[in-house]
Amino acid sequence: MRAAWLLALLLLVGCSSSSLPPRSTTTPPAPSPSASPTLGPVGASLPPGQIVFTSFRDGADQIYVMNSDGGSQRRVSTGEGFDVSPVWSPDRTKIAFASNRDGDWDIYIMNADGSGLYKLTDNPRDDESPSWSPDGEQIAYATLWNDPALGPSRVNLNWDIVVSDLLGANTIKLTSDPSKDSQPAWSPDGSKLLFNSMRADGYQIFVMNADGSEQRPLTTHQIYAADAVWSPDGTQIAFASDMGLNEDIYVMDADGTNIRQLTKNAAYDRKPTWSPDGRYIVFQQHIGASYHLYRMRADGSELVKLSTTSDHDRAPDWR
């Protein structure tokens, strides 16, 4: 009888300790904290595809690719300089990225294995933050129109969004504002582009038609909101913001309403990217002197650490 009573008591304690309340997904400012991260895949099978990202592990920023569970990490870019902001082509056969290997920043394109490299832009301006159109025919990017002779002071002056074909020709300027417009991101149907701008109160997220018309802000009350990307079905936008006094990952509806906070910790979370099926989000986390990549479900649960080096793994793109 005594043994049976002790067994029942142990079972009762075990059940009580595992019955934690579900994670809240209410709008800020009072979200539940993110769970402690685990290593390796969690939950149901992950969607297919690979994640491309930037890493400093070889002494300079280079482009790496890994599986969606964090495995098979391998370098695909070569050469001198810094290679950053990689993005997949829609068919996953090519990668566009920005590099300063020739002095100033330009946009380059290479095959997924690093072969077939060619320079998309070649001008005295700085070109950054490429984004492929859904049909794979165009690339939008941010460009600095100021005279390079202005020196370092030019970094916050007159950045605009332009779009060109895959030969770097037929370049069309979409924005023209005396502020910094950057980080373009195509909508899944190709009809719109998100971008960041300092033209409003602070650094905010804007949206425009693919031809540059009807530019308007989606965020208006944050001190900082950036890194905006559409969900695969076009109904939501993931982004980074410090509206909670620290940089965290948020999601909002495509019209800028219904903002939900997904991460809450002492680190700085930025650069979200959606899985192809919209069930997961990968993002970079900066804490101390290190950057790491994490994966979570689109509701902020099941946080998983994907990178284990201390050498600045960041700016992921999942296709």
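This short presentation covers the salt bridges of the structure and two residues with positive phi.

Good morning. Please keep in mind that the model is predicted. I shall begin with the charged pairs and then turn to the backbone.

In total, the structure holds 16 salt bridges. I have chosen three of them to discuss individually, starting with aspartate 61 and arginine 314. Their closest N and O atoms are 2.6 Å apart. This pair links distant parts of the chain, since aspartate 61 sits in the loop between β2 (50-55) and β3 (62-67), while arginine 314 belongs to strand β25 (residues 314-318). The two residues are 253 residues apart.

Are the partners in this bridge buried or exposed? Aspartate 61 has a relative accessible area of 7% and is buried. Arginine 314, at 17%, is buried as well; the cut-off for that class is under 20%.

The second pair is aspartate 102 with lysine 119, whose side chains meet in a salt bridge at 3.0 Å, N to O. Aspartate 102 lies in strand β6 (residues 94-102) and lysine 119 in strand β8 (residues 118-119), so this contact ties together parts that are 17 residues apart in sequence. Lysine 119 counts as partly exposed, with 26% relative accessibility.

The third pair consists of arginine 260 and aspartate 253, and here the N to O distance is 3.2 Å. Arginine 260 is buried, its relative accessible area being 14%, whereas aspartate 253 counts as partly exposed at 23%. Elsewhere, salt bridges that share partners bring Asp102, Asp106, Lys119 and Asp122 into one network. Two members of that network, Asp102 and Lys119, are the partners of the second pair I described.

I now come to the backbone. Asparagine 170 has phi near 50°, which is a positive value in a residue other than glycine. Where is asparagine 170 found? Its place is the loop between β11 (159-165) and β12 (172-173). With a relative accessible area of 61%, asparagine 170 is exposed, because the class begins over 50%.

Alanine 315 also has a positive phi, near 50°, and it too is a residue other than glycine. Its setting, however, is strand β25, the strand that also holds arginine 314 of the first salt bridge. At 14% relative accessibility, alanine 315 counts as buried.

To close, I would draw your attention to strand β25 in the model. It contains arginine 314, the partner of aspartate 61, and also alanine 315 with its positive phi. Thank you for your attention.

Definitions and conventions: Residues numbered from 1 in each chain as written. Predicted model: local features only at pLDDT ≥ 70, side-chain atom pairs only at ≥ 80, totals over all residues. Heavy atoms only, no water. Salt bridge = Lys/Arg side-chain N within 4 Å of Asp/Glu carboxyl O. Helix = DSSP H or I, 4+ residues; strand = E, 2+ residues; numbered from the N terminus. Buried < 20%, exposed > 50% of the residue type's maximum accessible area, 1.4 Å probe, protein only.
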